[in-house]
Amino acid sequence: MNVFTLLKQDHKKVKNIFQDFEALGDRAHKQKEELVNRAIQELEVHTQIEEEIFYPAVKVKAQKEGQKIIVEAFEEHAVVKQLLKEIQELEPADEKYEAKFKVVMDSVKHHIKEEEVELFPKAKKALGDQAEEIGDQMEERKADLMSERGMEIEEMPKRANHRRTHEVHAAR
């Protein structure tokens, strides 16, 4: 799978969770908690595959401006991770719970826009033909991380499934 397709799919999924959260009323604490937990899982997996695979691949090949965007992206991830940690320590009925999650939503939406508008064009140029290979690596790592967390794994293209099955059998 193309790395940019994968990342945009993840972005869309998280933005949909945010929309669902914003549509809930003030007293929907249980539903909000469920959405926050889903968002946390999705963001943890997404962040990890970006930090382990995508960002290093782009940073090595990108021009100076692209490298600066990568450094900033790592910092934005760190801020969101800290906020998510703080949210997990709160009760959903706590007034800070929703306030902190709204800050997370704003930060993540800004980050997504920055990635898609500023980073992706530079990364496409830097990665060139490697976009498919890196996307496949990220897709496999994502499936592993989701499995470790007991998350439902999305349908992968047959090519990636075949390679993954082959690797599992080879490991035995």
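**Figure 1. Gln88 in helix 3 of the predicted model.** Gln88 belongs to helix 3, in a model that is predicted rather than determined by experiment. Helix 3 covers residues 64–88. The side of Gln88 left open to solvent corresponds to a relative accessible area of 49%. Because buried means under 20% and exposed means over 50%, Gln88 is classed as partly exposed. The view also takes in Val36, whose C-alpha lies 9.0 Å from that of Gln88. Along the sequence, Gln88 and Val36 are 52 residues apart. Helix 2 spans residues 29–61.

**Figure 2. Glu72, also placed in helix 3**. Glu72 is partly exposed, and its relative accessible area is 36%. His111 is shown with Glu72, at a C-alpha to C-alpha distance of 9.6 Å. In sequence, 39 residues separate Glu72 and His111. Helix 4 runs over residues 95–127.

**Figure 3. Ala28 in the loop between helix 1 and helix 2**. Ala28 has a relative accessible area of 12%, so this residue counts as buried. Pro92 is included in the view: its C-alpha is 9.1 Å from that of Ala28. Ala28 and Pro92 are 64 residues apart in sequence.

**Figure 4. Gln137 in helix 5, residues 130–148**. With a relative accessible area of 37%, Gln137 is partly exposed. Phe54 is shown as its partner in the view, with 9.3 Å between the C-alpha atoms of Gln137 and Phe54. These two residues are 83 positions apart along the chain.

**Figure 5. The largest pocket and its lining.** The volume of the largest pocket is about 350 Å³. Its lining consists of 23 residues. Leu43, Thr47, His77, Val80 and Lys81 are the lining residues that lie nearest the centre of the pocket. Helix 1 (3–23), helix 2 (29–61), helix 3 (64–88) and helix 4 (95–127) each contribute at least two residues to the lining. Helix 3 provides the largest share, 8 residues. By residue class, the lining contains 7 nonpolar, 9 polar and 7 charged residues.

**Figure 6. Helix 6 and the C-terminal stretch, with the model confidence.** Helix 6 (residues 158–171) has the lowest mean pLDDT among the elements of the protein chain, at 38, whereas helix 1 has the highest, at 98. Over residues 156–172 the pLDDT is below 50. Beyond near neighbours in sequence, this stretch has 16 contacts in the model. For the protein chain as a whole, the mean pLDDT is 90, and 89% of the residues reach 70 or more.

**Figure 7. Overview of the protein chain, for orientation of the close-ups.** The protein chain has 6 helices and 0 strands, and its elements follow one another from the N terminus as α-α-α-α-α-α. Of the 172 residues, 40% are buried. Among contacts with a separation of 6 or more, 72% join residues that are 24 or more positions apart. The chain exposes about 10,000 Å², and 49% of this area is supplied by carbon and sulfur atoms.

Key: Residues are numbered from 1 along each chain as its sequence is written. This is a predicted model: local features need pLDDT of at least 70, side-chain atom pairs count only at pLDDT 80 or more; totals for chains, interfaces and linings use all residues. Side-chain values use heavy atoms; hydrogens and water are left out. On a 1 Å grid over the protein atoms alone, a cavity is a set of points where a 1.4 Å probe fits but cannot get out, and a pocket is an open set with protein on both sides within 12 Å along at least five of seven lines; lining residues have an atom within 4 Å of a point. Grid points are joined across faces, edges and corners, and a volume is the space filled by probe spheres set on the points. Helices (H or I, at least four residues) and strands (E, at least two) are DSSP runs, numbered from the N terminus. Ala, Val, Leu, Ile, Met, Phe, Trp, Tyr, Cys and Pro count as nonpolar, Asp, Glu, Lys and Arg as charged, and the others, Gly among them, as polar. Buried means under 20% relative accessible area, exposed over 50%, partly exposed in between (1.4 Å probe, protein chains only). Contact means heavy atoms within 4.5 Å. Accessible areas come from the Shrake-Rupley method with a 1.4 Å probe; for residues, only the protein chains shown count as cover. pLDDT is the predictor's confidence in each residue, from 0 to 100.
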